[in-house]
Amino acid sequence: MKINHSDGNSLQKRISRYLESVYNISNGPNQADYDAALCSIINVQYVYNLAAKDIASGFLNGINTKIVLNARDCFLLGQFAVFMTFYRSGMQWLEYALHLKQNKSDVTIQLEQVSDALAQAKIAHDKRYSAQKWDNTRYFRRRFAPLSEPTGTQKIHPTQEAILRPPEVHYITKDTHGICQGRVQPSPDETKELFCCPYQGHLRARDIYVGEELSPETHGVLRQIVERISGLRVPDSSGMLYDLHVLSHTAGDYYPAHLDTDEHPTALATFLIYFSEVSKGGESYFLDANLKTVPKKGSAVMTYNLYSCGQNDESALHGFCPISFGEKWVTPVWIMYEHQTHLQCLSEPYLRHEILVNGQSKYKHQNEHR
Ligand SMILES: O=C(O)CCC(=O)C(=O)O
Ligand SMILES: [Fe+2]
């Protein structure tokens with residue numbers, strides 16, 4: 001898909017007008033803005049495992065921001081991290097604030113304030129971790145317990161169910177941070193299940209409305225592209241169950257792992273269209289495939305969320321890594337089960353959909369579960 005940028009200027013003006021209307025910053029930044037910024041920095045630090053001293057010296061995940069933080073900034077970040085119960089990160093920030101005070105004679109904050117906060121952070125940390133090692137597996141097991149089958153699907157015979165139910169998936173062992181940091185890569189077997197499909201379509205930049213419903217013409221173009229590539233049906237804007245929107249995300253934003261079927265239970269597949277590149281971070285990640293996809297303007301990624309019998313496919317678990325620099329513009333298209341009257345509903349559990357690309361069968365999934 002190609003985006004024609006001849007209308008870039010008017011789009012830019014529209015985006016600015018929209019941002020001004022949403023983020024009325026004439027009286028800002030206010031406390032909520034500061035808190036959101038602190039929260040973003042702590043999250044980015046946590047997921048990418050960054051050292052407080054590097055961020056404070058202006059290095060954020062490999063990018064030189066040229067913004068150097070003073071002792072007071074580090075103190076505020078430390079206090080906020082402790083408030084978020086990220087004690088180790090909080091202690092790092094407070095220790096660095098102390099370092100700036102003692103070694104760089106930074107006068108932006110009182111020494112006692114920093115050392116008191118550090119002592120309190122240490123107490124809170126020890127209290128939290130000294131008692132019994134925290135067992136979070138219970139939380140995750142509940143969070144990712146296999147979802148109940150959607151009503152209306154065929155009842156599976158118990159013995160068949162015992163054989164066919166996939167082995168319990170322990171998402172706790174899935175390393176989101178490792179994927180976001182680029183340490184965890186898909187194995188050759190996982191890679192075999194992925195493929196790219198080039199497609200030339202046209203979408204004019206002026207068609208893209210920001211944060212609003214897409215115009216019927218843009219909707220029509222997107223619909224055509226998605227249908228042509230996937231062989232799945234997207235109704236025209238009047239028949240859509242969910243409006244198409246362009247979403248914008250900025251530094252610090254991220255999306256924790258989720259299944260789209262949590263919110264849209266009959267979203268058979270998701271087609272995610274990227275309208276921008278992100279300077280750093282913001283990749284969509286797919287836990288089961290140990291994969292992250294880098295947003296590229298004019299490209300898209302598609303996953304199935306349901307097996308062909310209508311059951312949830314939990315391997316569709318995904319989210320996006322924190323954006324450490326830049327912006328992300330994206331439109332998710334949820335392809336609903338009820339619109340796919342041309343598809344055969346196969347009653348066999350855990351059978352995946354045949355994947356069609358430009359009308360051609362790419363490969364047929366075996367009835368197996370890794
Ligand atoms: O923007 C992304 O990479 C993921 C968005 C997403 O998962 C969603 O909108 O459901
Ligand atoms: Fe999603």
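1. How are the donor residues of the iron ion (ligand 2) spaced in sequence? In this predicted model the spacing reads H-x1-D-x57-H, and the residues that fill this pattern are His258, Asp260 and His318, which coordinate the iron ion (ligand 2) at 2.1 Å. The two histidines contribute NE2, whereas Asp260 contributes OD. Since water is not among the atoms, the site may look incomplete, and the list of donors should be read with that in mind.

2. Two of these donors deserve a further remark, for His258 and Asp260 are both buried, and each also approaches ligand 1. A polar side-chain atom of His258 lies 3.1 Å from an oxygen atom of ligand 1, and an N or O atom in the side chain of Asp260 is likewise 3.1 Å from an oxygen atom of ligand 1.

3. Ser284 makes a further polar approach, with an N or O atom of its side chain 2.6 Å from an oxygen atom of ligand 1. Taken alone, ligand 1 exposes 290 Å², of which the protein buries 96%.

4. The residues surrounding ligand 1 include the iron donors His258, Asp260 and His318, together with others, among them Tyr255, Leu272, Phe320, Lys328 and Trp334. By class, the shell around ligand 1 divides into six nonpolar, three polar and two charged residues.

5. As for secondary structure, β6 (255–258), β12 (318–320) and β14 (328–336) each supply at least two residues of the shell around ligand 1. The strand that gives the most is β14, with four residues.

Definitions and conventions:
Residues are numbered from 1 along each chain as its sequence is written. Chains are lettered from A and ligands numbered from 1 in the order in which they are written. This is a predicted model: local features need pLDDT of at least 70, side-chain atom pairs count only at pLDDT 80 or more; totals for chains, interfaces and linings use all residues. Side-chain values use heavy atoms; hydrogens and water are left out. Donors are N, O and S atoms within 2.8 Å of the metal (3.2 Å for Na, K and Ca); water is not among the atoms, so sites may look incomplete. Buried means under 20% relative accessible area, exposed over 50%, partly exposed in between (1.4 Å probe, protein chains only). A residue is near a molecule or strand if one of its heavy atoms lies within 4 Å of it. A polar contact is a pair of N or O atoms within 3.5 Å; within protein, one must be able to donate a hydrogen and the other to accept it, and residues adjacent in sequence count only if both atoms are side-chain atoms. Accessible areas come from the Shrake-Rupley method with a 1.4 Å probe; for residues, only the protein chains shown count as cover. Ala, Val, Leu, Ile, Met, Phe, Trp, Tyr, Cys and Pro count as nonpolar, Asp, Glu, Lys and Arg as charged, and the others, Gly among them, as polar.
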